[in-house]
Structure formats: structure tokens, C-alpha cells
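Thanks for making the time this morning. I would like to walk through one model with you, going element by element, and I will put it on the screen now.

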Amino acid sequence: MHFARTLLKLRIPHLAFALTFLAPIVNADWPMFRHDAERTGYTPELLTEKLSLQWTHHSTKPQPAWPRSNRKTFDFAHQPIAANGMVFFNSSVEGAVRALDAVTGKRKWIFYTQSPVRFAPLFWKGQLFVGSDDGYLYCLDAATGKLHWKLRAGPNDEMVLGNGRLVSRWMVRGGAAIRDGILYFAAGIWPTEGVYVYALNAKTGKVIWKNDSSGSIYMGQPHGGASAASGVSSQGYLAVTDKRVFVATGRSVPAAFDRTTGKFQYYHLQSNTANGGSLIIVSDQFCLNQGTAFNRASGARADRLGSGAIAAIPGGLVRSSVNDIATFKWIDKDFLDRKGNKQSKRALVSGIKTKLAGLGAETIVAGTHAIAGGKDKVAMLDLKTGKQIWGAQVKGTAYGLATTDGRLFVSTNEGYLYCFSGGPRKALVIQPETNLTPYVANEKFVSVTKDIAKATGTTKGFALDLGCGEGRLVFELAKASDLHIIGVESDPAKVATARAKLTAAGLYGTRVTIIHSNPNTAPLPDYFANLVVSARTVTGGKAPTNAQRMLRPYGGVYAVGKPDSVQHTTRGALKGAGSWTHQYSDPANTTCSDDQLVKGPLGMLWFRDMGQEMTSRHGRAPSPLYSRGVLFSEGLDSLVAVDAYNGTKLWEYSLPGILRAYHGDDLMGTSGTGSNYCVSDDSVYIRRDDHCLRIDIKTGKLIKKFIAPKAANGKPGTWGYIAFVDGQLFGSLSNPKHVVTYRYVAGGDMKKQLTESTSFFAIDPATGKIDWRYDAKDSLRHNTIAIGGGNVLLIDRPVALYDRRRDGKPKGERPGRLISLYAKTGEKMWAQDKDIYGTVNAISAKHGVVVMGYSPTRFKLASEIGGRLSGFRLRDGKRLWDIKAGYNSRPMINDKTIYAQGGAWDVLTGKPRAFNFKRSYGCGVLASSANLLVYRSATLGYFDLAENSKTRNFGGMRPGCWINAIPAGGLVLVPDASASCRCSYQNRSWIALKPSGEK
């Protein structure tokens, strides 16, 4: 029975039941997020009913890790705690913790870490504990901010780019909790990289236990029947009871560990496919998580609680939502089971309910008063009467609440921290100290900055200053560009000076970051820097070593030296890196890039929510593309270009509604239509309706618009197939009369998902003139068009009319003609009309073979019969081999081998090859490079061809339903493709993975 139904049946008409056990006291600290280790949000300290504003502190607006997520809101505000007459709060921008005087709001001290601090600090016996994205837990003296000790959570100091910032590979994203003098925290959000859960002696920092194996568990994933080596993640505040440590896992349900030993107990991911979030609250026998109650002992789901923010009071709950504030009480409720036996279960009885709109962001309880935060306001409710007794306006949404010593602290997503208390209104405004010109006599660095800007033109992405000193060059670069500058300095005094000055200038965290490390050995990621400089060379110092590996391929600039003598070196192509310029890698449909670098094992290079609105994963959108260091992705309404090596968005071209026809659960999309865009050396070509746009790769500006030729009946044509080869743009005119059925459920606009064409043509992209045109006798299925070795291969074949019906079955198969045309002129080279059955063609230009087969994938069209492959000689159409072949994915050509799920065959002879491939759940197809296959296998799966052994996983996310992971550029590039999916994979993110050891 749902709790909501239980509440209706057991409603108590009076209000006093929940108040008899709430005995108000005073002077209770608020030492950690939501007050205690069970994250109840409750203190027995009573607040006065007459609060007035005492002071406001304004700091930089938070930079949430996942700003679009409603399941991971842990850093939407700088979260405050309060103890010993001070208030402490974190900064996701500056990577720091601040301490203020609770009475005056004046700053006592600031402590910087190397990366964003996304979770509230924790106070215990004069010590303050701080977890950072830099992978460390810090123990500070709460009174002074002095460092007592620090503990690295992961095995080393390696950094990656995460959410647009430099972070540890093992970020401390498991917010610390303390119980009985033992401190618990966790690190690592990507299960495959490793997840670490700790128990420490809070006084000494000594490790009591460490669990470092829970990320690699082979277990069921959020889709039924899907399993992968992808276990626990850590993202959210830990909650601790007398027996268990509960780890928040991001978008999924809590994982439980034995509090005494650290032994993993449970993580019911698959059975809670759509449940979960980053906040855990312990109440009665349950863990409350994202509106659902779970039994603490077993992890079994009990019932839904409804949406809103919850505080767990003794014996019950208080919940605020966008509409009201309500109270509930736990009771034992008797009921009869199916056999008629009397049973008892814990249930909630509803108490008061007060209509109070606009709240629900956060709720706490102080004595007999509930305090709720919402957009631009905070309110207090008397739980005895159900009446609002106080309210105030704030700037932003109040996600952070804390109270102590009669004071209420309110933190918002705009960077404001308010203090309210009894007594007369003071309304002091505390602004950070500012100095927009922190450096004097900076002429040399101004001169060098101008030289660099003039010579390189590098204005976006990341700059790296190795040996940055006090930040003088960092400052000038920030003023002169849109770069985010990372300064590295080994002298701690210079680091402190740089951070202080750049913070005062309003740049720290938003535009610049200073890392305390040896510039020659800093553990920074490969490839990420668009520009590498060194401030110490401006004054004659020695240039640092180790810069080359961090410099971005395809145009990264290394610039060092004195004014008027700066030396510039530009990094070229990454040797062995391949491209992915068309839907199936290339116009030959090999579905295999020419990348020689990508192989297992894989590790994170960068991850980020790019903010592009994506098509439903069941719409099978076009694959991402890659060329010369740039990743391209098409979303619902735009095309974006992203730096493949650091995740910087380079430009976005607006295309309103471009993929709206694919935004459904039909599971057709590009699996039938082919892609609507491709990439050349200098342009992106994207077709739409009756035209094709040519967009400049570097600037994102429109170069030219091409109109499709008219159809045979003289009416405007609808552009279908698209490719660019050897200076020619190729296209086709779609057949609007042949509309195939959806394969899963209705949703997308099938009338715009056209799979076959009546004509094929080639265009001169310089003039827009038609070079040549081929008009089909019957029909050209887009998947049978392949271009390679100077040839255009087509199958001209009658349409399969039964593909138009949901229950269609193959009947009356009519073969077609396999035709080869000269790509430059359109002249016919040869035609083969004997037993031409195929629905897919691919070309091995290197070996002179055309491979014909099917695309017999999950949710296939009825005409994708499968079970057969054939090879033809490219130069004359001679059939070389014809075999029965059991496979259920689109065939790929990787040098001499054809791979498909189910087998591998020699491209010259058709003879089988050893292929020990298996995968778990996944309705997409495989993509290949020389050494690696990538695909969906519950999470992201990959198969090392040299190893030829088993699927390996990179867990914590889900790929899409066709191709959205591509091996190119020396990386595996994966834009987010989980749109419209509610399944609780721990992260929704774009990622770039890099083979271990490659530089």
C-alpha cells in the first residue's frame, strides 16, 4: 500500500501529536550538513518567532557540478554549518572553505584546496573537516583554519577535467559524517575508476577501515537483464546509523556498508531502476531517498513519500513542497496479508497541512518550528498551530538552512548567505574584499600577453602557466581572453599570494585556478591545454619540462620567453589518431575509424554536462562526429562543436527543431534514415528538408546553402542521404511515399524519417552546381549507399511494402541491382543483378571488396532478415564469396576482418575468424577502431581486439540506442544519450576516455 493512501486513511484531525516529544532547548550547534549523521535536519533548539536580518554575506555564485539535475542538488548553494560562535561554508567556485563570525558576518579565515569544495564542512571538537574535488579530506583548526592533517582518498594525485574544472580522478564527493568520534567519507564517482569508502579516527586521521572494492562489483544495472562490472558510486552526503554507513550514489539509490568493518552489504540498483538521488535522510526504520522510503536493514523499497524537502523529527516527518507544509507520524499499522493472517507494518499518519506555496527546496526543524526555503523566500511555521509565524525575502532559491544560538542561516543558489536572529534589525552587508588591479609594475607580463594573443589567436579553452609565481601572467591572460587559466607553482607563499590577489580581482575559480605542485611533475591530464606558458620565463627563468604531453593536439600552442622574444611552438596532429566523419565512420560505411591509438584499458580524460538538449535515446539520433580535434554533436535544436580534448564548447549553431521528428520511442531514426550531417576538412554539412547548410568548422558560421535538385515530377526535392568525399558533396532525394512503421512504440514523426530515395546526385561545394545525377529505376535504400575507392555503390531495388506495417513480415522478396558508379562523373562502372538481396553495403577500399548484408539488430525492420553475407570485387562486381552467417548487428569492416555481433569473417574469402565477443543488454550497434570495439553493454562496454577475450565496462553511465560512442582522435568520445530515460545510472554526462599510457 502506498504511503499516500495510508495517510488518507489514517489522517488525525488535530495537530498536537507531533509536538509532545519535541522538547525545546537552546545553544545546540549545527555541526554538519542537516545537523547530524542521520541528516535529519532537526535540532531541539527553539528559534524565536520574531527574527530580523542581521547580516548578509555575498560570495561568488555557486557552480554546481550538475546544474540541470534534480537528483544531484548537493552543491546548488554554498552549504553552511555553525558551531562555537562561527559559521562555516564551502565554495564550489574558489575551492575553499570560509569561516565567518556568526554575530557580525565578518570573515575569520579562508582555506583553499586545489579544486571545488562541493560539500559542507563538518565541525567536531574544535576541528573542521573538509572534503574536496581534489581528492583529499582536510582536517583544520576550526578557530584559525590552520591545517592539522590531510588524507588522500585515491591511490595517487592524478587529475582530470570534471565539470569544467581540474579535479582528482577520485574526487571526495561522499560528504563526511561523524558518529561516536569516527569520521566517514567517500571518494570516486565513476565506479570503474575506483570508489573508496573510509572510516577514520576523527582526532588523528588514522584509517580504521577502507573499502576500495565496491566500485568493481559485477551486478545488475538499471535496465532489466542488464549486468556490468559497475558497482557503487559516491556522490552525495553519507548518512550513518548505529549499524550502517549509507553512501549516496548520485542519481541512484543508497548503498549500505557495515559500520564496524566497512564490508559492503547491499546496493539494489536494478530493482530500483527509476529511483534514487544524492540526499539520504534516516527516519525510524527507513532511509528516505528522493521521495522513496527504503528499509534500513535490507534496502527493500517500502513506499513513495511524495516530492518535497523533508526533515526527520523524533517519531515523524515534516515535509515542505511547492504547495504546502505537512507533518507525519510513524505508527505500527495492522493489516491482513493475502492468507488472512494479521501482520504489522510501519506507516505514516498525517497531521497538519498548511498551504504555503513556493517552498520545497529545503526544510529543517528547530524545536517546534519548521523552516522551509524556496525561490526568493524562506518561511517559518509553528508546528503546534500550523500557522506561518515568520517569513523573509532572499535573493535566489534557499537550498541551505542551519540554525544555532538563536540564529538562522540561509544560503541561496545566488551566493548569498543570510543571518537572521532575534533583536533589532541590523542588515549589515558583507562584501568580499575587491581589488581589480592587484598587481603593480606588471608591464612585462602585459607585453608578453599581447605577444601571445597576436601570435596564437588562442582565446577559448584552457591555458596552463607552469611556474606561475604570484599569478601575474595568469591575471593578464584572464583579462585578455576567455581562457580558463591553470597556474602551477611549487612555492606555497607564492601560491597563497596568487590565490588571494586573484580572488580579490574576482577571477579565482570562475576564470583562474592555482595548483600547488611542482611544475615539472604536476599530475595534470594529457592533451588538455590549448595554450601553455610560463611566467618565470618572462623574467629569464628556465622553461619547465613536461609541457608537451599536456598540450592539446591539433593546434595547442607552447609560448615561453621574455617580452619581444617569445618563442611559439604549435602541436600538430596526434600520430595514429583517427577520424569519424560520417554516421558509420566514413562514406564507405565501414563503421570503423582509422584510429590506431584507442585500446583498453580506458580511463577518464574529461566529463561534463554540456547543456545541449538531446533527442530521446529511443529516437536513434545521428552519431557524434570527430575531425582534427573537434567533436560534433547534434541535438534537438542545435549543432555543437566541442574541443575533444578538454570538453570546451567551441560554438553552437541554432537549428530549431532539427531532430524533433526523431524525439520519440519509435527506435527508427538513423538506423533507417542514415545521418543528416557529415564533416569535411573545413566544413560541417547538414541537410534539412529541401536544402543543405555548409557551416565553417572553426567559427560555426554559415558559409553556403545548397538547394536540393527537383524531384522527377518537378516538385521541390527532400534531401535524404548525405556524404562528402574528395571535394564532392553527395545527396539523394527522399521518397516521401515510402514511410516505414515504428519499431517499438509510436512517438517520432515517421513521415519525416524517410529511409529510401528516388535519385542520387553529386554537387560541387564551391559553386553549388550539380555534377551528375542518377535516377533510380525502383528505389535506393539509404543504408545500401556506400562511397569508397572512387566508387559509389547503390542497390536499386523495389521497396519492401511490408516494412510499412507494424506486423509486417517478409513476403515476395524482389531482388535488385548492385550498381557501381564513378564518383567523379556518375558514369556506370558495372552492375550486378544476380541475387542482390542486401539492405546494407560497406566497402573495403584497401582490399577492393564490397560487403553486402543486413542490419538485423534489435527493433529491426521486417526486411532486415539477416543470416547472410556476400563479398563482391570492387573493380568489376564479381561475386567473391557468399556465406550463411548468424549475426545481429550491422557488419563492420576492420582491415581484413568483418566483425558483427555473432561472428567475424575474412573480407577476402568470407571464412570465419575467431571472435570471442559477448555483451550484456544493449540495443545499439558496435563501433570500431583498429584495436577496439565500443558499444552499449548495460553501461559503456568495450572489447579489445588484440585481447579477444571479453567485454570490459566503463560504468556509471549509459550510452544510447544506436551509435553515440565513437573511437576517434585517440579517445573514446561519448556525448550524453540518455535523454527521456529515467533509469538510475549514476551520472548523466558527456565523457571522453583515454587509453592508459598514451601521451
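Which residues of α4 are buried? Before I answer, please keep in mind that what you are looking at is a predicted model. In α4 the buried residues are Val495, Ala498, Arg499, Leu502, Thr503 and Ala504, and, as you will notice, that list includes an arginine and a threonine alongside the nonpolar residues. As a reminder, an α-helix has 3.6 residues a turn, so residues three or four places apart point the same way. The buried residues of this helix pack against two other kinds of element, namely the helix α3 (472-480) and the strands β5 (96-101), β6 (107-112), β39 (484-489) and β40 (512-516).

Staying with α4 for a moment, the helix covers residues 492-504, and because its 13 residues should span 18 Å at 1.5 Å a residue, the 18 Å between its end C-alpha atoms agrees with expectation. At its start, a side-chain oxygen of aspartate 491 comes to within 2.9 Å of the backbone nitrogen of alanine 493, while after the helix we meet glycine 506, with a positive phi near 75°.

Let me turn to the nonpolar cores. The largest of them has 107 residues, and those with the most contacts inside it are Leu128, Leu464, Phe632 and Ile991; strand β44, residues 602-608, gives the most to this core, contributing five residues. Apart from this core lies another, of 40 residues, which includes Phe129, Leu137, Leu238 and Val245. If we look at leucine 464 in detail, and set aside residues up to four places away in sequence, its contacts include Ile486, Val488, Leu524, Phe528 and Met550.

Next come two serines. Serine 91 lies in strand β4, residues 86-91, and counts as buried because its relative accessibility is 3%. A polar atom of its side chain lies 3.2 Å from the backbone nitrogen of valine 93 and a polar atom of that side chain lies 3.0 Å from the backbone nitrogen of glutamate 94. Further away in sequence, serine 91 touches His78, Ala96, Pro116 and Val117.

Serine 978, by contrast, sits in the loop between β73 (971-974) and β74 (990-995), and with 4% relative accessibility it too counts as buried. Leaving aside neighbours within four places in sequence, serine 978 is in contact with Arg617, Arg958 and Arg988, and its side chain makes a polar contact of 3.0 Å with the side chain of arginine 988.

On the cysteines, a search of the whole structure finds zero disulfides. Why does cysteine 692 have no bond to the closest cysteine sulfur? That sulfur belongs to cysteine 678 and is 7.0 Å away, which is too far for a bond. Cysteine 692 counts as buried, at 0% relative accessibility, and cysteine 139 likewise counts as buried at 0%.

Finally, there is an open sheet of four strands, ordered β68-β69-β70-β71, with antiparallel pairing. The strands at its edges are β68 (927-928) and β71 (952-954), and since each has a single partner strand, one side of each is left without a neighbour in the sheet. Strand β70, residues 939-944, runs antiparallel to β71 and is joined to it by three bridges, and leucine 940 has phenylalanine 954 in β71 as its bridge partner.

Definitions and conventions
Residues numbered from 1 in each chain as written. Predicted model: local features only at pLDDT ≥ 70, side-chain atom pairs only at ≥ 80, totals over all residues. Heavy atoms only, no water. Pairing = 2+ DSSP bridges. Core = buried A, V, L, I, M, F, W, Y, C linked by side-chain atoms within 4.5 Å. Buried < 20%, exposed > 50% of the residue type's maximum accessible area, 1.4 Å probe, protein only. Contact = heavy atoms within 4.5 Å. Polar contact = N/O pair within 3.5 Å; in protein donor to acceptor, adjacent residues only side chain to side chain. Disulfide = S-S within 2.5 Å. Expected span 1.5 Å × (residues − 1).
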